[in-house]
Structure formats: C-alpha cells, structure tokens
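I opened this entry to look up how one pair of helices packs and where enclosed space is left.

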Amino acid sequence: MTKIKQIPAFAGMTKIMNYNVNKKGYYGEFGGAFIPEMLYPNVEELRQNYLKVMAEPSFQKEFDKLLKDYVGRPSPLYFAKRLSEKYNTKIYLKREDLNHTGAHKINNTIGQILIAKRLGKHRIIAETGAGQHGVATATVCALMGLECIVYMGEIDIARQAPNVARMKMLGAKVVPALSGSRTLKDATNEAIRDWINNPVNTHYIIGSAIGPHPYPDMVTKFQSVISEEIKWQLKEQEGRENPDYVVACIGGGSNAAGTYYHYLHEKDVKIIAIEAAGLGVDSGESAATSVLGKEGIIHGCKTLLMQTNDGQITEPYSISAGLDYPGVGPMHAHLCKTGRAEFMAITDDDAMKAGLELCELEGIIPAIESSHALAIFKQKQFKPDDVVVMSLSGRGDKDLNTYINFFNL
Amino acid sequence: MNRINKKLQENKKLLSIYFTAGYPKINDTVSIIQDLEKNGVDMIEIGLPFSDPLADGPTIQASSTQALKNGMTTELLFNQLKDIRKTVDIPLIIMGYFNPMFQYGVEAFCKKCQEIGIDGLIIPDLPVDVYHEEYQVIFEKYGLTNVFLITPQTSEERIRYIDSISNGFIYMVSSASTTGAQSGFGEEQTSYFKRIADMNLKNPQVIGFGISNNDTFTQATKHAKGAIIGSAFVKHVTNEGVDAIDSFVKSILE
C-alpha cells in the first residue's frame with residue numbers, strides 16, 4: 001500500500017454524501033465509541049495515533065513489504081471464464097483466498113500488529129468465530145514474537161477444531177468464551193473484558209469493521225488494499241478502473257469494506273452486499289442484519305443490530321461462522337441506510353450450492369462466507385457486458401467438514 | 001434537593017448495594033430493595049439486565065442472563081417499581097447498559113424514572129461526551145443524576161471534566177477490572193484512592209469494584225464518601241437466598 005487517504009465525497013452528486021468516517025468517528029448516524037470508561041484510555045490512545053502511525057514512511061514500507069513477501073500480495077484478479085459464460089456476464093474474482101492463512105483477515109492483522117508494536121504493546125488479544133481471524137492474529141504474533149490470546153466461543157471451539165489446532169501450533173493461547181451463547185458475540189465480549197483487565201500492555205486486534213471508533217475505520221483502511229489493487233488490475237485487463245458492480249459478503253464487513261473502499265465515491269460503481277439469510281430471512285434462524293436489525297449499540301458502536309424490542313441482543317444463525325454476527329459494521333449500516341449499497345440475503349442452501357458450483361466450474365473451493373456472495377448470480381441477472389468484481393474472501397479448506405456433511409461427500 | 005445529594009451530605013460513610021433486577025426470581029425486585037433499606041443500606045443500584053454486559057465479570061453476567069431468562073424487561077421493571085416510593089426512602093439508581101434504554105427511548109426512560117422516583121442512572125457504556133452533547137438536557141429535565149465512572153487510568157484532565165458535568169457523585173472503579181475480579185486492595189489502589197481524594201473534586205467519590213467484605217469496605221471508605229458492593233452481594237443472594245440479606249449487610253457494617 002502506497003497511500004492511505006480519505007477520498008473526498010463525489011462532488012457532482014446533487015447531495016454530497018460522505019461515506020467515510022467523520023472526525024467524531026461516525027458514518028452518518030452510525031459509529032461512535034460507546035465504551036465503558038475503563039476502555040477509554042486504550043481506545044483514545046489508538047484514536048490519537050492510528051492515522052499518524054499509518055502515515056509514517058517506515059510503517060508503510062514495513063506494511064507493504066510484509067503484504068508482498070509474507071502475505072503474497074497482490075492477490076490475483078481472476079477472470080472467471082466458465083462462471084461468466086454460465087451467467088452471461090463478466091465476472092472477476094478478487095482472490096483473497098490465496099493470501100497466506102487463506103483469507104483477507106491477514107491484511108488487517110499485519111497492519112494492527114505493526115501499530116501495536118509502535119505503541120509499545122507486547123500482549124495481543126483477539127476474538128474469533130470460525131477461527132480465521134484467530135489464525136491470522138496468531139500468525140502475525142508468531143511473526144513478531146508477541147504473546148497472543150484468542151477468545152473463542154466454547155461452541156465454536158468444538159466445531160472448528162482444525163483452526164483451534166492451527167492457533168495452538170502458532171503459539172497462541174485459545175481461551176473458551178463460556179458466557180452467553182458461547183459464540184462470536186460472546187468471544188468479543190470476553191476479549192473486551194480482557195482489555196478492561198489489562199489496560200496498559202495489551203492491544204486488542206479486532207477482526208472486523210466493527211467496534212468503537214477508530215476500529216471500523218482502521219480495519220477498513222488496512223483492508224482497502226483489496227480495492228486499491230482491483231483498480232489497477234481491472235485497468236490492465238479491461239482498460240478501466242471501475243467495474244459496474246463490486247460484490248462482497250458481509251458478516252461484520254471487513255472484506256466488504258476493503259472491496260468497496262476505493263469505489264465508495266465512484267457513483268458509476270454499484271455496490272452489493274450479501275448477508276447470510278440462514279434458513280431464510282423470516283425463519284427466525286438468520287443473520288440478515290439489514291432486514292432484521294435496527295439501530296442499536298453493540299461492541300462499542302452504534303449500528304444496525306439484531307435485537308429484541310427490549311434492546312437485548314439476539315443470536316443470529318448462519319451455516320457460515322464468519323457471517324454469524326448480529327450486527328454489521330457502522331460503515332455498512334450507513335451504506336444501507338443511504339441506499340448507496342444494495343443488500344441481499346442468501347440462504348444456507350443457496351450458498352452451499354454456489355460454493356460447489358465454483359468448484360466444478362473454476363476449480364476453486366471457496367469459504368462458505370464467499371459462497372454466499374457467489375450465490376448472487378442465481379438471484380440477480382447482470383447484463384452481458386457488465387463487469388462484476390466479487391471478493392472471494394477466503395478458501396474453503398476450513399469448511400470441508402461442513403461441505404462433507406451438507407453434500408454427503 | 002435530589003435524594004442522592006441529600007444522602008451525600010449525611011455525616012457518615014455510605015454503603016451502596018447493587019443487585020440484578022429479576023434475580024434470583026423475577027418478582028424479588030421490590031422485596032430486595034425493602035430489605036436492603038431496612039438493614040441500613042444507604043443507597044441502591046437496581047441492575048437492569050442486559051444480554052451483553054461488557055463491564056461485568058462472571059457473577060453479574062450470570063445473574064443478568066438468569067434475570068432475562070426469568071422474563072425481566074424494562075417495562076416489567078418499571079411496573080414492579082411503580083409504587084416503590086410508598087415504602088422506600090433511600091436513593092435509588094438504575095444501573096444498566098445503554099442499548100435497552102436507547103430502545104425504550106432515552107426521554108421516555110428518563111420520564112418514567114422521574115414518575116417512579118428513581119434518582120439517578122449509571123450507564124457504563126454511555127460515553128461522557130455523548131451524554132454531554134445529546135442527553136444531559138433530558139436527564140436534567142427529569143431531575144436525574146447521571147453517575148460517571150473513573151478508573152486508575154483516567155487522566156487528571158478527564159477527571160476534572162467528568163467532575164464538571166457530574167451533579168451527584170463520581171463512581172471510582174477501584175482497579176482496572178470488570179466487576180467482581182479483585183480480592184483486597186494493595187498499595188497501588190490505596191495510593192490511587194489518596195490521589196483522587198487529594199484532587200478536592202466538587203463531587204464526592206464512591207468506590208466500587210472489588211468491595212466484598214468489611215475489610216475492603218473500610219479500606220475504601222477511608223478515602224471516599226462511600227462504597228458500592230455488587231458481585232459479592234449477588235453471590236450472597238445466589239448462595240444464601242433473599243432471606244439472608246440482613247446477615248450480608250451486617251457482615252459489611254459489623
């Protein structure tokens with residue numbers, strides 16, 4: 001990454017809309033830092049320093065080098081020929097699945113660990129659902145020789161055994177979250193509690209574009225390397241930087257944020273966000289926050305959130321652990337509310353079938369999260385000359401068991 | 001004058017007790033409050049349970065989860081408390097996380113508190129600046145005291161700022177921790193208590209987190225106007241039942 005910058009709002013629109021975070025940490029009405037006072041010094045330290053640190057030439061040099069030599073960037077922008085033929089449109093896949101550790105998550109953990117080091121932190125904590133962010137965090141901690149503690153719901157530990165083993169091999173301590181529903185939401189609560197109890201030496205690497213300001217913006221900026229690369233890669237292949245559509249799946253929304261970032265203010269680029277419908281949006285077993293959520297506060301930010309009428313946070317459901325989160329990042333809540341992004345929900349069944357289809361047509365086994373995005377082609381008809389760029393956020397190795405059980409392989 | 005301010009003027013060290021509304025049984029709320037007052041407690045924090053209590057340790061997490069399972073809601077709590085001022089005189093504070101209040105509507109929530117005779121609110125995840133800019137006017141309109149937390153890491157400048165917009169007491173978190181995590185105070189805490197006492201703030205300080213017995217209560221109140229006990233009381237109620245409140249309060253005040 002050569003430049004991390006705020007992109008000015010597109011000035012030609014009748015109403016100038018800014019999709020970036022403002023000085024107070026809000027995207028429109030969403031965002032902010034709703035944190036207990038115990039967390040204030042830590043979050044404030046980060047807020048005051050993150051942009052400064054990210055602008056330092058030595059930081060950028062180290063970040064760029066690690067992304068290139070260690071993560072393997074740039075990740076390819078692959079024209080999916082057979083998939084395009086089948087759906088009669090032009091589909092490009094941004095191959096985040098080819099990154100080291102198998103997903104986009106590492107773009108952010110590399111960035112945050114470099115910030116943590118510069119802030120003098122030597123103890124790293126993280127939350128994880130499926131284990132991808134936990135593995136990405138354990139990886140960079142091993143790389144930097146820092147202590148790593150990963151909080152993971154007890155239920156997720158049981159169903160994601162390979163990733164738990166990976167984290168352990170990488171030297172991380174995996175702590176089960178035993179409270180609440182014992183999944184990602186509770187792992188996040190436990191990580192936040194750890195940070196309250198360790199206010200001086202610890203940095204919390206949040207894995208998604210959620211949390212109190214400056215996290216959503218910081219994570220988005222680290223992930224923005226995705227759309228930065230798409231621009232020049234598409235220019236090489238199609239002769240233009242802007243596709244007609246950018247598409248990504250959304251749990252908390254970090255890969256989506258990175259995929260959209262450099263297109264937020266390009267009004268000719270349409271943005272599509274794919275949520276997990278689970279067993280169906282109206283089934284009671286869903287994670288489609290844009291449909292089922294309303295404004296509320298979760299994990300330190302105001303955003304769209306699945307909750308009871310009484311303001312208690314409810315349990316989402318998706319076959320994909322990475323999309324199984326009751327909120328979306330505040331940037332996405334703003335994109336949804338303003339209509340800048342079109343939100344669609346894909347069921348477990350449709351996602352799984354789309355995942356298998358990609359295997360058969362392109363020889364790529366996608367993470368089930370990414371399979372949700374792929375299922376859009378059955379639901380939405382694109383024009384033959386439309387250029388659709390989709391983030392293939394992760395690879396499916398971690399999901400083999402789920403695929404095996406689903407298809408009786 | 002607000003009951004909290006009146007109480008703070010009394011020439012004694014104050015014991016404040018937190019309990020989770022709707023725990024252990026859904027209808028225990030009123031009798032717990034009455035018993036606490038009867039046994040000489042000075043002030044009560046009524047915990048409005050939340051699904052994701054970030055600042056709380058395992059004890060209060062568990063009591064909150066159980067209270068919600070029992071069916072506790074904001075509306076039900078207000079119903080339970082509607083006649084509380086017929087029998088209880090000491091200051092009552094609702095302590096809870098912001099989202100349930102936000103969903104109820106902050107103004108509607110405050111209005112209801114005033115109708116019932118709630119004197120103040122403690123909302124750990126409502127930041128000082130958001131309160132100051134968006135909600136202070138509403139709280140003041142309904143005569144509610146908002147109580148802010150400070151910790152050993154809070155800067156002097158920020159403590160002064162918090163003091164300037166507080167109108168009751170300052171909730172001093174004894175150490176960097178979630179609730180119920182500490183046992184006993186060391187030198188570090190004592191010097192923090194002294195440091196804050198020496199700042200001569202306009203609002204008195206009440207210390208919470210880590211107060212669990214007569215010893216810690218005495219240590220804390222040496223340097224502050226009072227102390228708040230939460231997890232230790234919830235634990236006591238869990239183990240001994242709601243009929244044993246007198247023995248708990250006695251053990252603290254001895």
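For angles I took under 35 degrees as roughly parallel, over 145 as roughly antiparallel, 65 to 115 as roughly perpendicular and the rest as oblique. The model is predicted, so I note that local features need pLDDT of at least 70, that side-chain atom pairs count only at pLDDT 80 or more, and that totals for chains, interfaces and linings use all residues. Residues are numbered from 1 along each chain as its sequence is written, chains are lettered from A in the order in which they are written, and side-chain values use heavy atoms without hydrogens or water.

**Helix pair.** I looked up H4 (residues 105–118) and H5 (residues 132–144) of chain A, which pack at about 40° with axes 9 Å apart; H4(A) and H5(A) are therefore oblique to each other. Among the residues making the contact (heavy atoms within 4.5 Å) are Ile110(A) and Ile113(A) of H4(A) and Ala136(A) and Val140(A) of H5(A).

**Cavities.** I then searched for cavities, each a set of points on a 1 Å grid over the protein atoms alone where a 1.4 Å probe fits but cannot get out, with lining residues having an atom within 4 Å of a point. The whole structure holds six of 30 Å³ or more, and the largest has a volume of about 380 Å³, a volume being the space filled by probe spheres set on the points. Of its 31 lining residues, those closest to the centre are His104(A), Lys105(A), Gly322(A), Leu323(A) and Glu369(A).

How values were computed
Axes are lines fitted to C-alpha atoms, for helices over the stretch in contact, and angles run from 0 to 180 degrees between N-to-C directions. Helices (H or I, at least four residues) and strands (E, at least two) are DSSP runs, numbered from the N terminus. On a 1 Å grid over the protein atoms alone, a cavity is a set of points where a 1.4 Å probe fits but cannot get out, and a pocket is an open set with protein on both sides within 12 Å along at least five of seven lines; lining residues have an atom within 4 Å of a point.
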